[in-house]
Each structure stands twice: as C-alpha cells, then as structure tokens.
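Visitor: Please pick one part of this protein and look at it closely. Then follow what surrounds it through the rest of the chain.

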Amino acid sequence: MNATHSSSSSGGSGIGSGPLSHGNSPTCYFVMIGTKDNPIYEAELVSVNTARSSSGGATISEAKKEEFRHLNQFIAHSALDMVEDLQWSSNQMYLKVIDKFNERFISAYLTAGNIKLLLLHDAKSEDAIRNFFNDCYELYIKTLLNPFYEPNSIISSAAFDAKVRLSAKRYL
C-alpha cells in the first residue's frame, strides 16, 4: 500500500492524506481495501480524548509522522492474509479482532462484494467498532450508487471523508 497517491486539496480524503494531527500517533487507522488488494480509502483518526490530552505536548516531526503512516500501512497489509483465511471459515461480515500488533488490535469487516474494511485501534470495544464498520459500509454502498464512481478506484470525496470521521468520532 503506497502513500504516493493523494487526493484533491480537500484536506484529508483519499490515499496517503489526512494529518496525524495533535502531535501524537493516531489512536485508530482505518483503511478500505478493494477486491484487487488495492487501498481505496485510508484515514488516520484521533479520538477526542487523545486530542485533548496531547494538545499541549510536543509535536512529532514530519519524518516521524511519515514513519507512523508507513507502519500503519504495513500492519494493515499484513493482516490481509488473516482476513482471507477467515473469510472462508466464517459467514459473518464482522470478523472482530483478527490480529494484534504490539498493543494495537486489528479488526476486520468483509463486505458482500469482497471489500475489506480494516481498523487498527488501541481499545477493544466490539459493539462500537461493529457500529463504525456498519456506518462505513453504508457510506460505501451509497458511493457505489454514484454513477460517476468506478468500483475499486480511490474514494476521494470530501463528503465521504467527513462522514467517516464523524462516524469515528461518534463510535471510537
């Protein structure tokens, strides 16, 4: 998963965009993987509590932010094998926590169209994560209904990004 793609100057939608913000590593990293194992949407989300507690702290350099971004992409990419193994043994869309990396959990949601939603997070709150995934899946379905959206292409809509971030703020 390469962070060389970027979206329009809408500030935060698409691949490789979205600030880590507030001088701390993100509490959550959300990515949608297309049917060809290509990332179609990516967001680094900071919870409200983390943003408040770290607003007075020292900021992380751009190089460190890029390192966090690449590490998150690597962790999500390595979890794809687990998702593909579990998709044949489960009839559920929400696969719960599929892996753990250090102190962070990776939860997965597999759509009927084989789009994989992955969330790298710190806290283990099954119901909240399930609700977040359901909201994101609904948003993706609405995007698919747009005649100008081509399936498996990068979602660069600022409205989509804003709704995902609002859902993250609500549930995560």
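**A buried valine and its surroundings**

Guide: Val83 has a relative accessible area of 1%, so it counts as buried, the cut-off being under 20%. The model is predicted, and what follows should be read as a description of that prediction. Val83 sits in helix H2, which covers residues 62-86. If neighbours within four places in sequence are set aside, Val83 is in contact with Leu95, Ile98, Ala108, Leu110, Lys116 and Leu118. For one of these partners, Ile98, the C-alpha atoms lie 7.2 Å apart, with the two positions 15 residues apart along the chain.

Two of the partners lead to a pair of strands. Leu95 and Ile98 fall within strand E3, residues 94-101, while Ala108 and Leu110 fall within strand E4, residues 104-110. The loop between these strands holds Asn102. Asn102 has a phi near 50°, a positive value in a residue that is not glycine. Its relative accessibility is 60%, so Asn102 counts as exposed, in contrast to Val83, which is buried.

Strand E3 also leads to helix H3. Arg130 belongs to this helix, and beyond its neighbours up to four places away in sequence it touches Tyr94 and Lys96. Between these two in the sequence comes Leu95, whose C-alpha is 9.3 Å from that of Arg130, across 35 residues of sequence. Leu95 is also among the contacts of Val83. Arg130 is partly exposed because its relative accessible area is 32%.

Another partner of Val83, Lys116, leads to the N-terminal strands. Lys116 is in contact with Val83 and with Gly34. Gly34 is placed in the loop between E1 and E2, and because its relative accessible area is 0% it is buried. Apart from neighbours within four places in sequence, Gly34 is in contact with Ile40, Asn114, Ile115, Lys116 and Asn152. Asn114 is 80 residues from Gly34 along the chain, yet the two C-alpha atoms are separated by 7.4 Å.

The loop that holds Gly34 also holds Asp37. Asp37 has a positive phi, near 60°, in a residue other than glycine. At 34% relative accessibility Asp37 counts as partly exposed, whereas Gly34 counts as buried.

After this loop comes strand E2, residues 39-45, where Glu42 is found. Glu42 has a relative accessibility of 4%, so this residue counts as buried although its side chain is charged by class. What does the side chain of Glu42 make a polar contact with? One such contact, of 2.3 Å, is with the side chain of Tyr29. Another, of 2.9 Å, joins the side chains of Glu42 and Gln73. Tyr29 lies within strand E1, residues 28-33, and Gln73 lies within helix H2, residues 62-86, the helix of Val83.

Glu42 also gives a way towards the C-terminal part of the chain. Ser156 is 114 residues from Glu42 in sequence, with 9.8 Å between their C-alpha atoms. Ser156 is in turn part of the lining of the second largest pocket. Rolling a probe the size of a water molecule over the atoms shows where empty space is left. The second largest pocket holds about 190 Å³ of space. Its lining includes Leu139, Thr143, Tyr149, Ile155, Phe160 and Lys163. Helix H3 (126-144) and helix H4 (158-171) each contribute at least two residues to that lining. By class, six of the lining residues are nonpolar, four polar and two charged.

The whole chain gives the setting for these details. Four helices and five strands make up its elements, and from the N terminus their order is β-β-α-α-β-β-β-α-α. Of the 172 residues, 44% are buried, Val83, Gly34 and Glu42 among them. Of the contacts between residues at least 6 apart in sequence, 62% join residues at least 24 apart. The exposed area is about 9,000 Å², with 53% of it supplied by carbon and sulfur atoms.

Notes. Residues numbered from 1 in each chain as written. Predicted model: local features only at pLDDT ≥ 70, side-chain atom pairs only at ≥ 80, totals over all residues. Heavy atoms only, no water. Buried < 20%, exposed > 50% of the residue type's maximum accessible area, 1.4 Å probe, protein only. Polar contact = N/O pair within 3.5 Å; in protein donor to acceptor, adjacent residues only side chain to side chain. Contact = heavy atoms within 4.5 Å. Areas by Shrake-Rupley, 256 points an atom, 1.4 Å probe, with all protein chains shown as cover. 1 Å grid on protein atoms, 1.4 Å probe; cavity = no way out; pocket = protein on both sides within 12 Å on 5 of 7 lines; lining within 4 Å. Points joined across faces, edges and corners; volume = space filled by probe spheres on them.
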